[in-house]
Amino acid sequence: MSLDALSPSHWHPVDWSIVGPALVAGLLVLSTHVPLGQRVLRKGIVFIDLAIAQIAGLGVIAAGALGWPDNGWAVQGAAVGAALLGAGLLTWMERRWPDIQEALIGALFVLASCVGILLLAGNPHGGEHLKDLLVGQILWVTPDQLWGVAALSAGVLGVWFGAQRWLGQAGFYLLFAVAVTASVQLVGVYLVFSSLIMPALAVRLAPPKWQLPLAWGAGALAYTLGLCVSAMLDWPSGAVVVLAMALLCALTAWLAPKK
């Protein structure tokens, strides 16, 4: 990254044919991750999304190592299957060792990361695949990718707001795994974590009726600003959106009314 890019003469126009689908992808991720993130924050298991996202990514990596075609149904099935297995394991560990749950979640994240690195060790493009998994390629999202995610997000939100009281711990983990599996392939692990935790942190002291609108608004503004800045300056979009999310969520936490 060169500081010369900050000069207006080096700025690029925002191409909404690229930024538009990326923004819709970000808004879809926010739609489910903001309410899920509030639950995660209340439970004190903030690293669960990193663990589930990494396990879902491990499913994608394993499918690639087996030679399955990218973005095919088999790869999606591998990602969902891995995430659901991870959710089942987390449910069992919470029942068996509730006092060390956060430590076990962290250990699971590290193990999934290391297995993924080993599977990519013989791949000449392994470093690039790992970077895509972590930082994402949100600017390359296509409209065709969004329809399935939109339907899935609608289903997750319907279950969350319509049947949350009957979910239980296992139901929550399964719903969480499905949501994260879809989003991590769109935006990457870092943006999944940021979308889940930062807006929830920003509004935790706000009156309950304002929490969701403020969190969604701060997140949506962060995606819009981050994507536009990254397109104009030709900077990595995922990293810029994360920084924008941190800045705007900190500002929201400062300015939001307190309960």
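Phe 172 is buried, with 0% relative accessible area. This residue belongs to a predicted model of a protein chain with 10 helices and zero strands. Phe 172 is part of one aromatic cluster together with Trp 160, Tyr 173 and Phe 176, and the charged end of Arg 39 sits over its ring. The points below begin with this cluster and then turn to helix packing, the remaining aromatic pair described here, two residues of helix α9 and the chain as a whole.

**Surroundings of Phe 172**

- The ring of Phe 172 pairs with that of Trp 160 at 6.1 Å centre to centre, with 50° between the planes, and the pair is classed as tilted.
- This pair links distant parts of the chain, since Trp 160 lies in helix α6 (residues 143-163) and Phe 172 in helix α7 (residues 168-187), 12 residues apart.
- Trp 160 has a relative accessible area of 4% and therefore counts as buried, because the limit for that class is under 20%.
- Phe 172, at 0%, falls under the same 20% limit and so is buried as well.
- The charged end of Arg 39 is 4.6 Å from the centre of the Phe 172 ring.

**Packing of helices α1 and α7**

- Helix α1 (residues 16-43) packs against α7 at an angle of about 145°, and the two axes are 10 Å apart.
- The crossing of α1 past α7 is left-handed.
- On the α1 side, the residues that meet α7 include Ala 25, Val 29, Leu 36, Arg 39 and Val 40.
- On the α7 side, the residues that meet α1 include Phe 172, Phe 176, Ala 179, Val 180 and Leu 186.
- Arg 39 and Phe 172, which form the charge-over-ring arrangement, are thus both among the residues listed for this helix contact.
- Phe 176 likewise appears both in the aromatic cluster and in the contact between α1 and α7.

**Aromatic pairs**

- The chain contains four aromatic pairs.
- One of them joins Trp 92 and Trp 97 in an edge-to-face arrangement, at 5.1 Å centre to centre and with 85° between the planes.
- The edge-to-face class applies because the angle of 85° is over 60 degrees.
- Trp 92 counts as partly exposed, with a relative accessibility of 46%.
- Trp 97 is also partly exposed, at 30%.

**Two residues of helix α9**

- Ser 230 is found in helix α9 (residues 208-233) and is buried, with a relative accessible area of 1%.
- Beyond residues up to four places away in sequence, Ser 230 touches Leu 139, Trp 235, Pro 236, Ser 237 and Val 240.
- Leu 214 lies in helix α9 too, but counts as partly exposed at 24% relative accessibility.
- Leaving aside neighbours within four places in sequence, Leu 214 is in contact with Val 203, Ala 206, Thr 252, Ala 256 and Pro 257.
- The C-alpha atoms of Leu 214 and Ala 202 are separated by 8.5 Å, and these residues are 12 residues apart along the chain.

**The chain as a whole**

- The protein chain has 259 residues, of which 46% count as buried.
- Among contacts with a separation of 6 or more, 80% are made by residues 24 or more positions apart.
- The chain exposes about 12,900 Å², and carbon and sulfur atoms supply 71% of that area.

How values were computed:
Residues are numbered from 1 along each chain as its sequence is written. This is a predicted model: local features need pLDDT of at least 70, side-chain atom pairs count only at pLDDT 80 or more; totals for chains, interfaces and linings use all residues. Side-chain values use heavy atoms; hydrogens and water are left out. Rings of Phe, Tyr and Trp (its six-membered ring) pair if their centres lie within 6.5 Å; planes under 30 degrees apart count as stacked, over 60 as edge-to-face and the rest as tilted. Buried means under 20% relative accessible area, exposed over 50%, partly exposed in between (1.4 Å probe, protein chains only). Helices (H or I, at least four residues) and strands (E, at least two) are DSSP runs, numbered from the N terminus. A charge sits over a ring if NZ of Lys or CZ of Arg is within 6 Å of the ring centre and within 35 degrees of the ring normal. Contact means heavy atoms within 4.5 Å. Accessible areas come from the Shrake-Rupley method with a 1.4 Å probe; for residues, only the protein chains shown count as cover. Axes are lines fitted to C-alpha atoms, for helices over the stretch in contact, and angles run from 0 to 180 degrees between N-to-C directions. A crossing is left-handed if the near helix is turned anticlockwise from the far one by less than a right angle, and right-handed if clockwise.
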